[in-house]
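Subject: The structure I promised you

Hello,

Here is the structure I said I would pass on to you. Please have a look at it, and then read on for what turned up in it.

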Amino acid sequence: MKLSQFRFKLPEEQIALYPPHRVFENEDGTVERVYQRDRCRMMVVHRKSGTIDLWKKDIDNKDTNEPLIFRNVVDYFHEGDTFVFNDTAVFPARLYGTKEKTDAQIEVFLLRELNEELRLWDVLVEPARKIRIGNKLFFDGEGPMVAEVIDNTTSRGRTLRFLYDCPHEEFRQELFSLGSAPLPRYIVDHRKADEDDTVNFQTVYARNEGAVTAPATGLHFSRELMKIMEIRGLQSAFVTLHCSLGCFDPIEVEDLTKHKMNSEQIRIDSEACRIVNGARQAGNKICIVGASTARATESAVGTDGMIKEYDGWTNRFIFPPYEFGLGDAMVVNFYHPESTMMMCTAAFGGYDLIMEAYNKALENNFMFGCYGDCMLILDD
């Protein structure tokens, strides 16, 4: 496949800047948003029949004028069917500081802690041209948080040593208190992250900290929906893949076989294997939630169609043609053009059918991105 085959024009007004919500105006004129993460629109793609549903059906199985919403996802599954989720937790990775002497504002994006004792972090800085080895950055907070640049790693990458003398847990707590939700650039270029994003940009089942961007498809699942799934006998299995910024890196080669993904850390334990493999052996559906979960499970599935325990790293890049080892269904978002997540979607649903679905999404004003609408792909 070629990169240009995943190119399309995405209108800015179809990029979701907030999760699904209702807006209320208070008496004092302030605006309040009430978020409903499981109320986004949902498109259902049937990959064998090649049909695409956008609307709820009446008793005669004809389209109504009422759109499908994500909460309807449970209607497509039965007792014993299993959803596989990525339970990574996002930390507040985006900080804003000032450069010594000039007071220029610098954005610092935390990537990973390199050395706990020395307080060393691998980061990205913006604007990078202003930040050199030896510079000090100052951050506002309850304590005097200062960082020194000790190395250049890439054009925008730096290694920072934080000059903060206290127990490590206290240091991390103070550091993260300075940060904000690491929303994608396509959102923060239009608005700053706010306190609501601290909750909205985290899945309700997140438990293993280590991601610098959210497994976005999982953001659609509310606690209420998870309870409905449990009541209906649907199972949940959790794997961990710590999402990096690699999924947002632009692909710079036309031939997709030459693109190299960044490695991401994954962990799949025995409990996840027991649930997923048990469902497989019982003939139940397995639904993969999101492209990051697909990368994790496809890195651990054997030729027998069973997943194995895994604790390591993966740089698996999934694009068509690709034969999935696991999954009878998949929930995904509507992604940006030329993105690796869109390519993973096309690999599961079939390139021609997914491109048709994307055209329908554009024509019917579906919203794109992490806070946008979603697609359910079924093997029927």
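Let me start with two rings in the interior: Phe91 and Phe176 are both buried. A word on how such pairs are described: a pair of aromatic rings is given by the distance of the centres and the angle of the planes. In this case the centres are 5.2 Å apart and the planes of Phe91 and Phe176 meet at 15°, so the pair counts as stacked. Phe91 sits in the loop between strand 8 (88-90) and strand 9, while Phe176 belongs to helix 1, so the pair ties together parts that are 85 residues apart in sequence. Please keep in mind throughout that this is a predicted model.

**Helix 1**

Since Phe176 leads us there, what else is buried in helix 1 (residues 168-177)? Besides Phe176, the buried residues of this helix are His168, Phe171, Arg172, Glu174 and Leu175. And which strands do the buried residues of helix 1 pack against? They pack against strand 9 (94-99), strand 10 (105-115), strand 11 (120-126), strand 13 (145-152), strand 14 (157-162) and strand 15 (208-211).

**More aromatic rings**

The count of aromatic pairs in the protein comes to 25. Another of them is formed by Phe70 and Phe221, an edge-to-face pair with 4.9 Å from centre to centre and 85° between the planes. This pair also links distant parts of the chain, 151 residues apart: Phe70 is in the loop between strand 6 (63-67) and strand 7 (82-86), and Phe221 is in the loop between strand 15 and helix 4 (223-231). Phe70 and Phe221 are both buried. They also belong to one aromatic cluster, together with Phe77, Phe83, Phe85, Tyr205 and Phe238.

**The protein as a whole**

Stepping back, you will find eight helices and 21 strands. The radius of gyration is 22 Å, close to the 21 Å that the globule rule gives for 380 residues, so the protein is as compact as a globular protein of that length. Along the principal axes, the C-alpha atoms fill a box of roughly 70 × 55 × 45 Å. Of the 380 residues, 54% are buried. If you take the contacts between residues at least 6 apart in sequence, 69% of them join residues at least 24 apart.

On the outside, the protein exposes about 18,000 Å², and carbon and sulfur atoms supply 45% of that area. As for charge, there are 44 positive and 60 negative side chains, and the centres of these two sets lie 3 Å apart.

**Two buried residues to look up**

Pro20 is in the segment before strand 1 (21-25). Its relative accessible area is 17%, which is under the 20% cut-off, so Pro20 counts as buried. Apart from neighbours within four places in sequence, Pro20 is in contact with Val34, Tyr35, Gln36, Arg37, Arg39, Cys40 and Tyr371. For a sense of scale, the C-alpha atoms of Pro20 and Tyr310 are separated by 35 Å, with their places 290 residues apart along the chain.

His259 is in the loop between strand 16 (235-241) and strand 17 (264-268). With a relative accessible area of 11%, His259 is buried too. Leaving out residues up to four places away in sequence, His259 touches Ile251, Val253, Phe317 and Thr340.

**Backbone details**

Most residues other than glycine have a negative phi, and most peptide bonds are trans. Where, then, are the cis bonds? One joins Glu126 and Pro127, with omega at about 0°, and Pro127 is in the loop between strand 11 and strand 12 (136-139). Another runs from Pro320 to Pro321, with omega near -10°, and Pro321 is in the loop between strand 19 (310-314) and strand 20 (329-333).

Two residues other than glycine have a positive phi: Asp103, near 60°, and Arg119, near 60° as well. Asp103 lies in the loop between strand 9 and strand 10, and Arg119 in the loop between strand 10 and strand 11. Are they buried or exposed? Asp103 is exposed, at 59% relative accessibility, whereas Arg119 is buried, with a relative accessible area of 9%.

Enjoy exploring it!

Best wishes

How values were computed
Residues numbered from 1 in each chain as written. Predicted model: local features only at pLDDT ≥ 70, side-chain atom pairs only at ≥ 80, totals over all residues. Heavy atoms only, no water. Helix = DSSP H or I, 4+ residues; strand = E, 2+ residues; numbered from the N terminus. Rg over C-alpha atoms; globule rule 2.2 N^0.38 Å. Buried < 20%, exposed > 50% of the residue type's maximum accessible area, 1.4 Å probe, protein only. Contact = heavy atoms within 4.5 Å. Areas by Shrake-Rupley, 256 points an atom, 1.4 Å probe, with all protein chains shown as cover. Lys, Arg positive; Asp, Glu negative; His and termini not counted. Charge placed at Lys NZ, Arg CZ, Asp CG, Glu CD. Phe/Tyr/Trp six-rings, centres within 6.5 Å; stacked < 30°, edge-to-face > 60°.
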